[in-house]
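Visitor: I should like to learn how to read a model of this kind, feature by feature. May we begin as soon as it is displayed?

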Amino acid sequence: MAKGYWVSVYPAISDPERLTSYNKLAGPAVRAAGGRVLSRGGRVVAHEAGITQRVVLIEFDSCEQAVAAYESEAYQKALAALPDGFERDFRIIEGID
């Protein structure tokens, strides 16, 4: 079965400290749903579009599990805590078997 991944790119973060409420809820929600954080805000070497802002990569055992995690009540509460003023490109993608 192909793994599933959450890929989040934050092209604009005006105040990273305001992510605290979201992070306190999102981390436990992701772990409870079986997600494993592979990368979070580390070094980015950008090409083409040149976007070097925060990138988060989370792995799940399947794409279905990744979708269910996003749709879970716990993660929806975390999303509600995501402050205004943040631009985020979020995708759920299926890996290759």
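Visitor: Which residues is Phe60 in contact with, leaving aside its neighbours within four places in sequence?

Guide: This is a predicted model, and contacts in it are read from the positions of heavy atoms. With neighbours within four places in sequence set aside, Phe60 is in contact with Lys3, Gly4, Trp6, Val30, Ala33, Gly34, Gly35, Arg36, Gln65, Ala66 and Ala69.

Visitor: Which residues have the most contacts inside the largest nonpolar core?

Guide: The general idea comes first: in soluble globular proteins, nonpolar side chains tend to be buried together. In this model the largest nonpolar core has 17 residues, and those with the most contacts inside it are Trp6, Tyr22, Ile58, Phe60 and Tyr75. Two or more residues of this core come from each of strand 1, helix 1 (20–32), strand 3, helix 2 and helix 3 (73–80). Helix 1 gives the most, with four residues.

Visitor: In what order do the strands form the sheet?

Guide: One reads a sheet by following which strand pairs with which. Here four strands form an open sheet in the order 2-3-1-4, with antiparallel pairing. Its edge strands are strand 2 (36–40) and strand 4 (87–94), each of which pairs on one side only. On average, neighbouring strands of this sheet are turned by 15° against each other, direction ignored.

Visitor: What does helix 2 touch when it packs on the sheet?

Guide: Helix 2 (residues 63–71) touches strand 1 (4–12), strand 3 and strand 4. The direction of helix 2 makes about 145° with that of strand 4.

Visitor: How many bridges join strand 1 to strand 3, and how many join strand 1 to strand 4?

Guide: A bridge identifies residues that stand opposite each other in paired strands. Strand 1 and strand 3 run antiparallel and are joined by six bridges; Trp6, for example, has Ile58 in strand 3 as its bridge partner. Strand 1 and strand 4, also antiparallel, are joined by seven bridges, and Val9 has Asp89 in strand 4 as its bridge partner.

Visitor: Over how many bridges do strand 2 and strand 3 pair?

Guide: Strand 2 and strand 3 (residues 55–60) pair in the antiparallel sense over four bridges. The bridge partner of Ser39 in strand 3 is Leu57, while Arg36 stands opposite Glu59 in strand 3.

Visitor: Does one read burial from a percentage? If so, why does Ser8 count as buried or exposed?

Guide: The percentage is the relative accessible area: buried means under 20%, and exposed means over 50%. Ser8, in strand 1, counts as buried because its relative accessibility is 4%. Leaving aside neighbours within four places in sequence, Ser8 is in contact with Arg54, Val55, Val56, Arg88, Asp89 and Phe90. The C-alpha atoms of Ser8 and Asp84, which lie 76 residues apart along the chain, are separated by 16 Å.

Visitor: Where is Ser21 found, and what is its relative accessible area?

Guide: Ser21 is found in helix 1. With a relative accessible area of 44%, Ser21 is partly exposed, because this value lies between the cut-offs of 20% and 50%. Ser21 and Ala78 are 57 residues apart along the chain, and their C-alpha atoms are separated by 7.7 Å.

Visitor: Where is Glu48 found, and what is its phi?

Guide: Glu48 is found in the loop between strand 2 and strand 3. Its phi is positive, at about 50°, although Glu48 is not a glycine. Glu48 counts as exposed because its relative accessibility is 82%, and the cut-off for that class is over 50%.

Visitor: What is the volume of the largest pocket, and which residues are the closest to its centre?

Guide: A pocket is read through its volume and its lining. The largest pocket has a volume of about 270 Å³. It is lined by 17 residues, of which Asn23, Ala26, Gly27, Arg40 and Ile58 are the closest to its centre. Strand 1, helix 1, strand 2, strand 3 and strand 4 each supply at least two residues of this lining. Helix 1 gives the most, with six residues.

Key:
Residues are numbered from 1 along each chain as its sequence is written. This is a predicted model: local features need pLDDT of at least 70, side-chain atom pairs count only at pLDDT 80 or more; totals for chains, interfaces and linings use all residues. Side-chain values use heavy atoms; hydrogens and water are left out. Two strands pair if DSSP finds at least two bridges between them. Axes are lines fitted to C-alpha atoms, for helices over the stretch in contact, and angles run from 0 to 180 degrees between N-to-C directions. Contact means heavy atoms within 4.5 Å. A nonpolar core is a set of buried Ala, Val, Leu, Ile, Met, Phe, Trp, Tyr and Cys residues joined through side-chain atoms within 4.5 Å. Buried means under 20% relative accessible area, exposed over 50%, partly exposed in between (1.4 Å probe, protein chains only). On a 1 Å grid over the protein atoms alone, a cavity is a set of points where a 1.4 Å probe fits but cannot get out, and a pocket is an open set with protein on both sides within 12 Å along at least five of seven lines; lining residues have an atom within 4 Å of a point. Grid points are joined across faces, edges and corners, and a volume is the space filled by probe spheres set on the points.
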